[in-house]
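Here are my notes for a colleague who has not looked at this entry before. They go from the overall fold to single residues.

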Amino acid sequence: EHRRVPGSLGVENAHQVDVEAGTLTADATQATAGQTTSHSHHHQAVDAVGEGFVVTGRGADDGLVEAIELPSAQFCLGVQWHPEADPDSTVIAALVDAARARIAQQELSA
């Protein structure tokens with residue numbers, strides 16, 4: 001399911017991810033109705049989540065961990081897909097916006 005067409009990050013490898021409401025993952029993906037589309041191409045996945053991390057996205061069809069985050073951090077999001085391969089993805093823009101906000105915050109406190 002996560003690598004139907006080897007070597008491709010395109011729509012042919014897209015699948016749905018169930019996203020937890022109220023999370024960074026939901027905000028970054030602009031998940032609608034609790035789901036987002038991912039363009040994946042992986043053969044490995046998270047088995048044990050590290051201390052402090054929470055699972056915030058799972059494959060809609062198989063429950064595989066697709067997104068984790070660290071709630072204690074300002075912006076710490078890990079996804080098991082390729083947002084850079086999806087022209088409609090908002091994940092990269094969310095990261096850039098968070099970085100800009102952090103820089104502005106640092107400038108104000110300097």
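**Notes on the model**

1. The model is predicted. The protein holds two helices and five strands, and from the N terminus on these follow the order β-α-β-β-β-β-α.

2. On overall dimensions, the C-alpha trace spans about 50 × 30 × 25 Å along its principal axes. The radius of gyration is 15 Å, which agrees with the value near 13 Å for a compact globule of 110 residues. The protein exposes about 6,600 Å², with carbon and sulfur atoms supplying 52% of that area.

3. Of the 110 residues, 30% count as buried. Contacts between residues at least 6 apart in sequence include a good number over long separations: 49% of them join residues at least 24 apart.

4. Which residues make up the largest nonpolar core? There are five: Val17, Val19, Ala26, Ala67 and Trp81. As background, nonpolar side chains in soluble globular proteins tend to be buried together. Trp81 is also among the residues that valine 17 touches, once residues up to four places away in sequence are set aside. The other contacts of valine 17 on that count include Gly34, Gln35, Gly57, Arg58 and Glu66.

5. Aspartate 18 lies in strand S1. Its relative accessibility is 34%, so aspartate 18 counts as partly exposed. The side chain of aspartate 18 makes a polar contact with the side chain of glutamine 35, at 2.8 Å. Aspartate 18 and glycine 57 are 39 residues apart in sequence, yet their C-alpha atoms are 5.4 Å apart in space. Glycine 57 is also one of the contacts of aspartate 18 beyond four places in sequence, and Gly34, Thr56, Arg58 and Ala60 are among the others.

6. Threonine 23 sits in the loop between strand S1 (14-19) and helix H1 (24-29). Why does threonine 23 count as buried? Its relative accessibility is 13%, and buried means under 20%. The side chain of threonine 23 reaches the backbone nitrogen of alanine 26 at 3.1 Å. Apart from residues up to four places away in sequence, threonine 23 touches Thr56 and Glu69.

7. Two residues in the loop between H1 and S2 deserve a check of their backbone angles. Glutamine 30, found in that loop, has a phi near 50°, a positive value in a residue other than glycine. Alanine 33, in the loop between H1 and S2 as well, has a positive phi of about 55° although it is not a glycine. For reference, most residues other than glycine have a negative phi. Are these residues buried or exposed? Glutamine 30 counts as exposed at 54% relative accessibility, and alanine 33 counts as exposed at 85%.

8. Histidine 39 belongs to strand S2 (residues 35-39), and with a relative accessible area of 8% it is buried. The C-alpha atom of histidine 39 is separated by 16 Å from that of isoleucine 68, 29 residues apart along the chain. Serine 40 has its place in the loop between S2 and strand S3 (54-59). Serine 40 is buried, with a relative accessible area of 0%, and its side chain makes a polar contact with the side chain of histidine 15 at 3.1 Å.

9. How many bridges join S3 to S4? There are four, and the two strands run antiparallel. One pairing can be located by residue: arginine 58 has valine 65 in S4 as its bridge partner. The hairpin of S3 and S4 has five residues between the strands, and there glycine 63 takes a positive phi near 75°.

10. S4 (residues 65-69) also pairs with strand S5 (residues 77-79): three bridges join S4 to S5, and these strands run antiparallel. Here the bridge partner of glutamate 69 is leucine 77 in S5. Strand S4 is mostly covered, with five of its five residues buried. Ala67 of the largest nonpolar core falls within the range 65-69 of this strand.

Definitions and conventions
Residues numbered from 1 in each chain as written. Predicted model: local features only at pLDDT ≥ 70, side-chain atom pairs only at ≥ 80, totals over all residues. Heavy atoms only, no water. Core = buried A, V, L, I, M, F, W, Y, C linked by side-chain atoms within 4.5 Å. Buried < 20%, exposed > 50% of the residue type's maximum accessible area, 1.4 Å probe, protein only. Contact = heavy atoms within 4.5 Å. Polar contact = N/O pair within 3.5 Å; in protein donor to acceptor, adjacent residues only side chain to side chain. Rg over C-alpha atoms; globule rule 2.2 N^0.38 Å. Areas by Shrake-Rupley, 256 points an atom, 1.4 Å probe, with all protein chains shown as cover. Pairing = 2+ DSSP bridges.
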